[in-house]
Every structure is written in C-alpha cells, then in structure tokens.
Amino acid sequence: MAAFWMPPANAAEAGVPAIEMPELVVSAPAEEDGTSETVKIDEVAGPPARDAGELLSRLRGVTTGRMGGHGSDISIRGMSEDRIAVISDGAYVFGACPNRMDPATSSMMPMSGDSITVRRGYQSVLDGPPAPAGTVSLERAGAADFAEGVSGNVEAGVESNGTQRYTNMQARAVEHGSYIRGFMTGRRAGNYEDGSGREVRSAFRQYGGGGEAGLGYGADSLLSLSMERNVVEDALFAGAGMDAPWTATNTYRLAVEHNFEEGGAFKGFEASVYGSFVDHVMDNYSLRTPGAMTMRTDATSDTRGARLAGVFAFGDVDVTVGGDYRRNDRDATSFSSMLAAIPPATISNYTWPGMEIEDAGLFVEAKAPLTAKTDLTVGIRADFVSVKATKADLLPGGMGAVSARTLYGTFYGVTQTDRDETNVSGLVRVTHDFGGFSGWAGASRAVRTADATERGIARAPAMGGGGWVGNPGIDPEKHHQVDMGIETGRSVWKASASIWYDNVQDFISRDIARGQSGVLVNDGVSSVFRNVDAELAGFDVGGQWLFAPSWRVGGDFAYTYGENTTDDRPLYQIPPLSGSVEVVYDVTEWSAGARMRWAAKQTRADTSTATGSGLDVRETPGYAVVDLFGTLQLAGPVELRGGIANLLDTTYASHLSRGNGFDPAVVQVNEPGRSAYVQVNLAF
C-alpha cells in the first residue's frame, strides 16, 4: 500500500428480463426504475477524459461546462454545483474554490474505482442531505468481484490535441474474502486547440494514488479502510481571472458492513466515518503575465462525516433506518497588491469567512411488494442544520475595508450569521412490470440548505467593480419533483423513456443587485443571492438495436426546461436539447464505430446584466461533432483502443461553459478540435 501511495516521479431490480447485449456500456440494471445507471469506468468510450466530470459528460442526461482543461462542472436535470451530491467511495467531497476551479468531481480519480453510479433526481433518502439534481457515486468492487490471488491492470494513453498523456495502475490481492489493493495515476496535458486552430489555456498536471484494505469475516461481512491523495498542479483557465497552481485532496474512510448469519428481523448494519480535505491556491501571476494588481486566494474545504444504518426485514418488507452526520468547513482568504507585489500580502477579503455547515440527519426507507408485479418504496428523512461564519467580524486590510458581517447588513439588512434549520424531505415511488415492459412513477420533496457561497461569500465592491456577497438569511430550497417512465427490451433491442417536473419554492438564485425584494443595494453590478420560485421540467429517451450479427445502432437525447417564475425569465445555465447517435461493428477480436454528438441552439438564455443575472454567456449555437473509435484485442490480456475525436474539426462550445477571457475573438471556452488518441490496457 505504501508503494502505491507514492506519486509519480514527475510529480432493476426485477423490471425487464436481462438482455444479452455484452457490448452495452451499462453494466448493471437500473436501480428499480431506470432513473439510475451504473457504468464500468473502463468501458466508457472516447478519448482520455481529463477528469471525472468530462467522463460523466458522456452519459445520458449529464452535461458539463468548461473553464479550462481541468475541472469540468457537471449538470443533471438543469442543476449543478452543490445541488448534486458527489460521493467518492462513500465519502462526500466539496471543492475548495469559490469560483469552482475544482468542482467535487475533479477530485475523483476515475481509475481508482471500478464503476460510477448516476442517480438522476431525488431517488433515495439514504444518500445523505438532499441533493435534488441527483447523486454521482464512485464505487470500488469488493473481494467477491475478483478471483482469488493477485490481479490488476496497467493503462496508458496519449492524445494528440494538447499532447495529453497518462498512466493508471491498479493491483489487488484477494484471499478468503479479504483483500488489499493499491492504485496510482499520473496525467499531464498542454494547451489544446479548438476547431479553428486557436490555442485554449487548458494545461495541467495531475497525479495521485491510494490504497484500500478489507478484512472479510462471518456471513459476507467486511471491515475496510481506504485512503487517497489527488494533486492537480499548474492548471490554466481561459475562463477565469486566475489560474490554479495547486489543488490537493486527501480522503480517508473506515467502514464496516455486518450481516448476521442467523435468521431474524435484524439483517445487518453498516457504519462508516470519513474525511475529505481539499487545499486550493489560485492567483493571477504565477502562471500568467501579472498586471498592475496581483491577487491570490488560499482556500480550504474540509468535510467530515459518519453514517450508521440498520437493515430489517419484516416478511417481504425491507426497512433501512439510521442516521448520518456531515460537517463542511470552508475557509478562503484573498490577498491583493496595487503595486504588483509577488506574492501580495494585504488581505483584501475573507472570501469564505470561516463557513461551518453541520447537518445531522435521521432517515427511514422501506421497500415492499404491493403485488407480484408492483413494488413500492417510501422514505422520509429529517435534517437538522446548523450554520456559523466564524470570521464574519474580522476586518481585512487596506483603505475602506469592511467585515463580512458589515457587507451582509449593507446588502440584505441581515447581520445574524448563526442559523439553525430543520428540513424534512421524503419520497414515494412505484414500479410495475406490465409484462412486455416495466414502468415507474415517483413523487418527492427534497429540501436543500444553502451552501457556503450562497449564504456566506464576502467580496466587497472595489475600484468601481461589483462585489459578490452571500445572503445569511437565505431560505432553503424546497424541490417538489414528480417523474415517470417506461423501459422495455427484447433479445436484440432495448429502449427507455422518462419525463419529470420539478416545482421549486425558494430556489436560490444568483442575481445582480438591483434593489429587488430583500436586496438593499442597487448598483447594477454586484452579485447577490435571493430566493425565487422556479420550475424545471424535462425528458430523456434512449435505445439500442442489434440490427444484424455483430452490428448495433443506438442513441439518446435529453431536454431540460427551466424558468424563474418570480421574474418571468429563463433560468440560467440550462443545457439545450442534446444527444448522440452511434453505429458499432463488434466481434470478439476487434470493434469499430462512429458516433455523432449534437446539441441544438440554446435560445432560452439569461444573458442580460441589465434585467437578468447575465450568467449565460450567450445563446449558444448548436453543433454536431463526429467521432471515430475502435478496439483491438492483441495477444493475451493486451487491449488497444483508439480513435479520432471531433473528426471534422468543428468549433463548438457547451452552453454551460464560461466566457473566454483571453481571446476577444472567442466568446466562450471552446471544446477541443480534432484529436487522435490511443490507449493500451494490460490486465494481469
């Protein structure tokens, strides 16, 4: 384990019967109703993903926004940031950058796990404090999933555009239900070019590793301990005023899953404790030519948590009851100098003024068969939230400096930063097997408390520019979602479709201060947070058909609608109608295919800084991008993968991407142009 810890030198449950389609990416049936999917990480096609966010964007219903080459920020059902729960092997992770250079998925090393599960919408009260958009969980297989003895794999790859190269290694030893495993990764990329040949600031270096040990005992019971370290250095961002010379994430987890051998109502329990600790540094001088004012922010995000849950069986009814605890502490201090001093020494803001958010939750979830073909799931949880801003009274340096508490009072008339909430969430879901197809319907209420930025960020207006001020009096969001769908399949085809609607009371909206209700400042430039009512809705469709021996064609598309009903304008950062279609020829020794990824123009955009939030860069044009890909099984356990991404060298950008701050001829941070790639995987 110690060796693997070192960085590189270069620093359905029963819905539809199983379908024999070994080529499918989905490696496990959807949990209960098709709103969830689990994918094996090494089976997701495409060029080497720069981070987990970019990898997730290849799944249906997941969209990303780009600010540079690393740190892709994901969106599910039109919602992003802390409306999505990101869980890495049982540990919650929150980024440490107020500007989201390091969203939680950027801290995940995909190859340190075996699969990723995406749950769209609020699907279970067991996942912790409610995340109304959904949950992304990186998972590692246990001893039962591998043969006894030593096994593992080594993977290496290169990509031409940006000269990305990487190496991943895993090794594990399994014996009598116990195991030990280690993993390490190293990745480096330069600036890539978009389809027009313009260089995009996107270079970065990443390395890390970790280990896990599990002791199997009794009736499939397990005691496990894991640790992981992930470092990203010298990350450049075309869509930000700073770069990130350093981000490091350390994650630890101790867990036990105990199953009782004897029969009885009490089947077993699980208990875990974890910690994830993120350090982040960003500045505007170490990786770019400094201007007259130098700036730097040092930030941390430390998350600690625990969980205890018991599983009971009363006849055919399974009940899980328990509690969880999560505390996230975020602290950010910004420095600046008008004299171009390096490093700047004057504290300009306590940007996150010691924000502490604690959440203690209690939950019960039951699953029961109503009939031989109908199942019911019911869950309820209560979250007891406590919030503090421990540095709200500290005074930064410089002329005219004000504390965070003074900013809150100036912008909202609220000076009390300590707050307690009791939030109740719940859900009910029904699944039914109609014979030729299965269907589901669900309704839920998910109450999400404001995060550290929404309720506490404190950047004072300066030099005629606007401030960025959180609202300590903000109310929690109340999401009331309904969804329904069907899935069906035969021996050579499968298809699914779902539709959903989310009515949100007190949606936490980032806006521009114009003296709205609850906002005392009317400067037309400062960023504020306020509660509004909102509606979101959407649908997604997917399918696949084996139309001839060794041939398959598949596709999917998804659409999301978002409306700020209080202000009668579109919600910002809503992805347009988008999808993909592919055709693949697959035999035992090799496969080859072509895929077209596409998106329609997003005409519902919140672009105006005069009447809206201005958080959408533009009404982003639509695009269609063609990829070629293939695999070749070489001698023994060696597999070769390769392809050409963006074959036609199309210039395009995701609607969620930031504005390009370096090239006035480029509106948004564009995606990479044509790029050839090759990957080699050796299993042992």
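Let's start at the end of a helix: Gly413 comes right after helix H3 and has a positive phi, near 70°. The model you are looking at is predicted, and its average pLDDT is 92, with 95% of the residues scoring at least 70. One stretch calls for caution: over residues 1–32 the pLDDT stays under 50. For that stretch the model has 79 contacts beyond four places in sequence.

**Helix H3 and its cover**

Back to H3, which spans residues 404–412. Its buried residues are Ala404, Leu407, Tyr408, Phe411 and Tyr412. These five sit on the same side of H3, because the arc they cover around the axis is only 100°. The spacing fits a general rule: an α-helix has 3.6 residues a turn, so residues three or four places apart point the same way.

What lies over this buried side? The cover of the buried H3 residues includes helix H4 (452–456) and several strands, among them E21 (346–369) and E29 (527–548). Strands E25 (458–459) and E26 (468–469) are also part of that cover.

**A sheet of three strands**

Now for an open sheet in which 3 strands follow the order E3-E4-E5 with antiparallel pairing. E3 and E5 are the edge strands, each with a single partner, so one side of each has no neighbour in the sheet. The two pairings are set out here.

| Strand pair | Sense | Bridges | Opposite residues |
|---|---|---|---|
| E3 (residues 62–65) and E4 (residues 73–76) | antiparallel | 4 bridges | Val62 and Ile76 |
| E4 and E5 (79–80) | antiparallel | 2 bridges | Ile76 and Met79 |

Ile76 of E4 thus appears in both rows: Val62 stands opposite Ile76, and Met79 in E5 is a bridge partner of Ile76.

Are the faces of E3 covered or open? Both are covered: Val62 and Thr64 are buried on one side, and Thr63 and Gly65 are buried on the other. In a regular strand, side chains alternate between the two faces of the sheet.

**Ala189 in strand E12**

Our last stop is Ala189, which belongs to strand E12 (residues 178–189). Is Ala189 buried or exposed? With a relative accessible area of 5%, Ala189 counts as buried, because the cut-off for buried is under 20%.

Which residues does Ala189 touch beyond its neighbours within four places in sequence? Ala189 is in contact with Gly162, Thr163 and Gln164, and also with Ala203 and Phe204. As for Gly157, it lies 32 residues from Ala189 in sequence, and their C-alpha atoms are 12 Å apart in space.

Note on methods. Residues numbered from 1 in each chain as written. Predicted model: local features only at pLDDT ≥ 70, side-chain atom pairs only at ≥ 80, totals over all residues. Heavy atoms only, no water. pLDDT = per-residue confidence, 0-100. Contact = heavy atoms within 4.5 Å. Buried < 20%, exposed > 50% of the residue type's maximum accessible area, 1.4 Å probe, protein only. Arc of directions from axis to C-beta. Pairing = 2+ DSSP bridges.
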